[in-house]
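Trainee: I would be grateful for a close look at a single part of this structure. Could you please choose one element and explain in a connected way what surrounds it?

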Amino acid sequence: MATTTTKTLDDLFLDTLKDIYFAEKQILKALPKMARAAQSEEGKAGFLQHRDETQGQIERLDQVFELLGKPARGKTCEAIQGIIAEGEEIMEEFKGSPALDAGLISSAQAVEHYEIARYGTLIAWANQLGLKDAVPLLQANLAEEVATDKKLTQLAQASANAKGKKAA
């Protein structure tokens with residue numbers, strides 16, 4: 001008879017770390033496509049800047065895996081795949097439309113909010129598990145995600161949403 005081992009907060013932390021690692025890798029692939037699709041120069045530049053930040057976030061996650069003595073490996077995250085697929089749908093359906101950038105920003109913010117939720121949880125658990133060295137790495141990622149979300153909101157309010165209202 002097979003015995004099931006009781007899962008612990010350590011297991012959940014590692015599982016969630018793999019989830020966000022997979023998500024960041026998927027986002028890294030999606031950002032250049034979003035930059036190409038964006039109509040405004042600010043949008044293009046913002047997506048490319050976030051691509052560079054995402055690369056740094058993946059490197060920090062590599063360090064967290066190293067601290068745990070585990071291989072840096074992702075675990076398929078259906079949530080992020082769904083959010084990215086929605087973004088791709090918007091790129092197709094609104095291509096050439098004045099509402100495209102507003103849609104891209106909305107998709108990007110859905111990604112940011114997912115990441116913010118994941119990093120907030122990982123920080124709380126890292127503190128609880130006494131993973132003191134992992135906390136600043138995760139906090140750095142969280143701070144960048146929050147800053148990106150704010151920039152996206154400003155971009156939307158400054159132009160994309162207003163342009164999207166106009167009929168072509």
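Mentor: Let us take helix α2, which contributes more than any other element to the lining of the largest pocket, giving seven residues. Please keep in mind that the model is predicted.

The pocket is a suitable place to begin. The space within the largest pocket comes to about 260 Å³. Its lining consists of 19 residues, and those closest to its centre are Gly46, Phe47, His50, Thr148 and Leu152. Besides α2, the elements that supply two or more residues to this lining are α1, α4 and α5 (134-165). Sorted by class, the lining of the largest pocket comprises ten nonpolar, five polar and four charged residues.

We may now consider the helix itself. Helix α2 runs over residues 41-68 and so has 28 residues. From its first C-alpha to its last it reaches 41 Å, close to the 40 Å expected at 1.5 Å a residue. After α2 comes Gly69, which has a positive phi, near 70°.

Which residues of α2 are buried? They are Gly43, Phe47, His50, Glu53, Thr54, Gln57, Ile58, Arg60, Leu61, Val64 and Phe65. In reading such a list, it helps to recall that an α-helix has 3.6 residues a turn, so residues three or four places apart point the same way. Phe47 and His50 belong to the buried residues of α2, and both names also appear among the residues closest to the centre of the largest pocket.

Phe65, another buried residue of α2, leads us to a contact with a second helix. The structure holds one aromatic pair. The partners are Tyr21 and Phe65: their ring centres are 5.2 Å apart and their planes stand at 80°, so the pair is edge-to-face. For that label, the planes must be over 60 degrees apart. Tyr21 lies in helix α1 (residues 9-37) and Phe65 in helix α2, so the pair ties together parts that are 44 residues apart in sequence. Tyr21 and Phe65 are both buried.

To draw the picture together, α2 gives seven residues to the lining of the largest pocket, places Gly46, Phe47 and His50 among the residues closest to the centre of that pocket, and provides Phe65 as the partner of Tyr21 in the aromatic pair.

Key:
Residues numbered from 1 in each chain as written. Predicted model: local features only at pLDDT ≥ 70, side-chain atom pairs only at ≥ 80, totals over all residues. Heavy atoms only, no water. Helix = DSSP H or I, 4+ residues; strand = E, 2+ residues; numbered from the N terminus. Expected span 1.5 Å × (residues − 1). Buried < 20%, exposed > 50% of the residue type's maximum accessible area, 1.4 Å probe, protein only. Phe/Tyr/Trp six-rings, centres within 6.5 Å; stacked < 30°, edge-to-face > 60°. 1 Å grid on protein atoms, 1.4 Å probe; cavity = no way out; pocket = protein on both sides within 12 Å on 5 of 7 lines; lining within 4 Å. Points joined across faces, edges and corners; volume = space filled by probe spheres on them. Nonpolar A, V, L, I, M, F, W, Y, C, P; charged D, E, K, R; others polar.
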